[in-house]
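Me: I am new to this structure and would like a close look at one part of it. Please begin with a single residue and work outwards from there.

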There are 2 protein chains.
Amino acid sequence: MELRHLRYFVAVAEEGHVTRAAERLGIQQPPLSLQIRALEREVGAQLFRRRPRGMELTAAGRAFFTDAQEILQRVDHAFASTRRTARGEQGRIAIGFTNSAPFHPFVPRVIRAFRDGFPLVALNLEESGTSELVEALRAERLDAVFVRSSAPDYSGLAVHFLMEEKMMAALPAGHRLAANSGAKPLDLAALNAEPFVLYRRLAGPGFYDAIITACRDAGFNPTVVQEAPRILSTLNLVAAGLGISIVPASLQRMQMDGVVYRRLKTVRKLVAPLSLAVRRGEPSPAVGRFVDLVRKTAKAFR
Amino acid sequence: MELRHLRYFVAVAEEGHVTRAAERLGIQQPPLSLQIRALEREVGAQLFRRRPRGMELTAAGRAFFTDAQEILQRVDHAFASTRRTARGEQGRIAIGFTNSAPFHPFVPRVIRAFRDGFPLVALNLEESGTSELVEALRAERLDAVFVRSSAPDYSGLAVHFLMEEKMMAALPAGHRLAANSGAKPLDLAALNAEPFVLYRRLAGPGFYDAIITACRDAGFNPTVVQEAPRILSTLNLVAAGLGISIVPASLQRMQMDGVVYRRLKTVRKLVAPLSLAVRRGEPSPAVGRFVDLVRKTAKAFR
DNA sequence: TAAATCCATATCTGATACATATGGCAGATG
DNA sequence: CATCTGCCATATGTATCAGATATGGATTTA
């Protein structure tokens with residue numbers, strides 16, 4: 001049996017009249033009559049009762065009619081769905097981001113923009129450390145990853161730089177340098193005697209190394225008294241008075257009791273980049289559309 | 001597109017290799033390659049990415065693969081389901097019976113036997129008066145009807161006599177003729193001075209007329225002091241002492257306080273038949289099977 | 001570098017779907 | 001009651017299409 005048989009059958013069932021159904025289908029009455037007979041032979045059941053004035057469905061024919069309509073409907077749906085997927089308008093993509101990425105207002109904004117523009121594409125969101133994310137990207141568990149730093153190894157991946165943001169000092173409330181919050185930016189060198197609390201290097205090597213390098217360029221080695229596993233625990237430790245930290249400016253959206261943010265005088269290397277990494281080669285249409293939107297939105301965001 | 005295209009596509013998708021898929025399908029590799037290309041043109045999307053060593057699905061191809069498998073599965077299901085319906089092993093039939101029919105042990109038994117034998121056939125059961133049932137049968141709201149009497153007009157219907165049962169006298173407890181319940185059968189003439197409570201003629205004309213005729217043959221006109229709309233209300237009125245009644249023997253399964261059943265000496269015309277009525281012509285396979293089972297079970301029941 | 005593997009293209013042929021002509025049957029009509 | 005009408009079924013011919021065979025092109029493998 002072929003779909004042609006189902007289409008012919010449904011037409012005859014709806015018309016109750018072979019000649020009218022043939023007209024509707026654009027063929028002549030004898031081949032339609034033959035096709036119905038062939039279908040009945042193949043199904044192994046009589047689907048119509050022949051009358052002098054037209055045909056009527058048997059009980060088996062009524063059962064088959066229901067199924068046939070549904071099958072034809074599903075075929076049309078399959079076509080439409082496949083075309084949408086091919087155009088990237090439908091499907092599923094998995095997006096990863098580092099623990100600090102969501103605090104950057106760009107990331108939630110572009111995710112919302114994508115959802116609005118492509119409601120039929122399902123987004124899976126994953127948050128993890130940079131290394132885990134890159135590994136998942138390579139293993140095809142993730143399709144695109146927002147990263148905030150240079151990973152040790154981006155081979156096989158395409159990394160699209162989106163933007164960068166300044167870093168700020170995070171000081172315990174009551175700290176001698178915390179007065180006049182929002183006033184004149186601090187010299188990085190003013191932090192030379194301070195104990196440092198830094199986001200663990202393994203989780204965010206880009207931040208860690210950038211901070212170390214910037215301090216050395218300012219003339220001192222920072223005293224790292226504690227590494228924190230998460231960006232939030234970094235702030236918690238600062239609030240507890242264990243030391244100071246340097247974090248991306250977007251973190252100041254996270255107002256936390258006991259933490260005061262102070263701007264720093266511009267240090268060329270002390271910035272936090274935001275990039276999107278994907279696998280090289282041919283992305284799925286949905287991933288392609290996502291990358292396009294992210295890059296376009298990043299240009300408009302600056 | 002035809003089902004052939006779906007079958008070819010699924011085979012290639014599963015094998016990832018056109019030559020192997022062609023072998024599996026029993027055709028040569030070049031026509032299969034052409035059919036896949038034709039399908040991609042018709043869908044309007046590339047379903048496979050060609051590699052030097054085989055083909056792999058695109059995102060659109062993966063979406064289509066899911067749909068194609070489901071469609072082919074539904075086609076097989078439609079065939080099987082239609083065959084079952086054609087064999088009367090599946091479908092739905094509506095059975096009607098008069099208010100008194102369920103008390104005959106045969107009726108629930110044959111219904112259970114049918115359910116056991118054809119679990120995929122759904123039974124709708126309706127209870128009503130004989131006239132309503134016959135009307136519903138003619139209007140195709142019911143497919144088969146158990147009746148207990150001769151309806152005024154069975155034209156256009158086929159009535160299969162199943163069996164008959166004796167009638168019994170239903171007396172108020174304490175009645176002078178109620179003593180020695182189960183003893184020697186009563187003469188019908190012994191009831192000549194009694195007030196009669198009868199099941200309404202409109203609801204069960206066969207019973208009514210048979211009782212009137214039998215009494216006249218026994219030499220008296222029964223004094224009908226009350227007609228009851230339902231067989232149960234007939235018994236209720238007897239229990240209340242309004243009079244006596246004559247009911248099918250199967251009613252004695254309905255033990256009711258205040259009612260005593262007494263057998264009657266055999267009166268040729270005073271029996272309650274049980275018949276199955278269906279429309280003339282070609283019943284659906286499920287109805288045909290039901291009629292067959294009912295008739296066969298009735299023979300074994302006697 | 002030659003051979004192997006795999007899909008794509010070209011050409012031919014048999015099978016099949018459809019057109020046309022006509023027949024048969026049951027119901028409608030005069 | 002005879003004739004006509006409406007509708008599906010059968011017979012025959014033909015154009016189209018699916019599949020076979022032969023061969024080519026590109027990439028990988030030995």
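Reply: **Starting from a loop**

A:Phe118 sits in the loop that joins α5 (106–117) to β4 (121–127) in chain A; helices (H or I, at least four residues) and strands (E, at least two) are DSSP runs numbered from the N terminus. Before going on, please note that this is a predicted model, in which local features need pLDDT of at least 70 and side-chain atom pairs count only at pLDDT 80 or more, while totals for chains, interfaces and linings use all residues. Residues are numbered from 1 along each chain as its sequence is written, chains are lettered from A and ligands numbered from 1 in the order in which they are written, and side-chain values use heavy atoms, without hydrogens or water.

Is A:Phe118 buried or exposed? A:Phe118 is buried, and its relative accessible area is 16% (buried means under 20%, exposed over 50%, partly exposed in between, with a 1.4 Å probe and protein chains only). Setting aside neighbours within four places in sequence, A:Phe118 is in contact with A:Gly88, A:Glu89 and A:Arg289, where contact means heavy atoms within 4.5 Å. From A:Phe118 to A:Val107 the step is 11 residues in sequence and 16 Å in space, C-alpha to C-alpha.

Now let us see how chain A relates to its partner. A turn of 180 degrees with a shift of 0.1 Å along the axis lays chain B on chain A with an RMSD of 0.4 Å (a least-squares fit on the C-alpha atoms of residues with pLDDT of at least 70 in both copies). This is how a two-fold axis relates two copies. Both copies use the same surface, as 100% of the contact residues of chain B recur in chain A.

In chain B, helix α6 (residues 130–138) has B:Thr130, B:Leu133, B:Val134, B:Ala136 and B:Leu137 buried. Viewed down the axis of α6(B), these buried residues fall within an arc of 160 degrees, so they line one face of the helix (the arc is that of the directions from the helix axis to the C-beta atoms). Among what covers the buried residues of α6(B) are β3 (91–97) and β11 (271–279) of chain B. After α6(B) comes B:Glu140, with a positive phi near 65 degrees.

The two chains also meet DNA. Around DNA strand D there are 22 residues, and A:Val18, A:Ser33, A:Arg50, B:Tyr8 and B:Gln28 come nearest (a residue is near a strand if one of its heavy atoms lies within 4 Å). Of the atoms of DNA strand D within 4 Å of the protein, 78% belong to sugar or phosphate and the rest to bases. An N or O atom in the side chain of A:Arg50 is 2.7 Å from a phosphate oxygen of DNA strand D, and for the side chain of B:Tyr8 the distance to a phosphate oxygen is 2.8 Å. α3(A) gives the most to the surface near DNA strand D, with 4 residues.

Which residues come nearest to DNA strand C? They are A:Tyr8, A:Gln28, B:Val18, B:Ser33 and B:Arg50, out of 22 around that strand. Sugar and phosphate make up 79% of the atoms of DNA strand C within 4 Å of the protein. A backbone N or O atom of B:Val18 is 2.5 Å from a phosphate oxygen of DNA strand C, while a polar side-chain atom of B:Gln29 is 3.0 Å from a base nitrogen. Here α3(B) gives the most to the surface, with 4 residues.

How values were computed: Polar contact = N/O pair within 3.5 Å; in protein donor to acceptor, adjacent residues only side chain to side chain.
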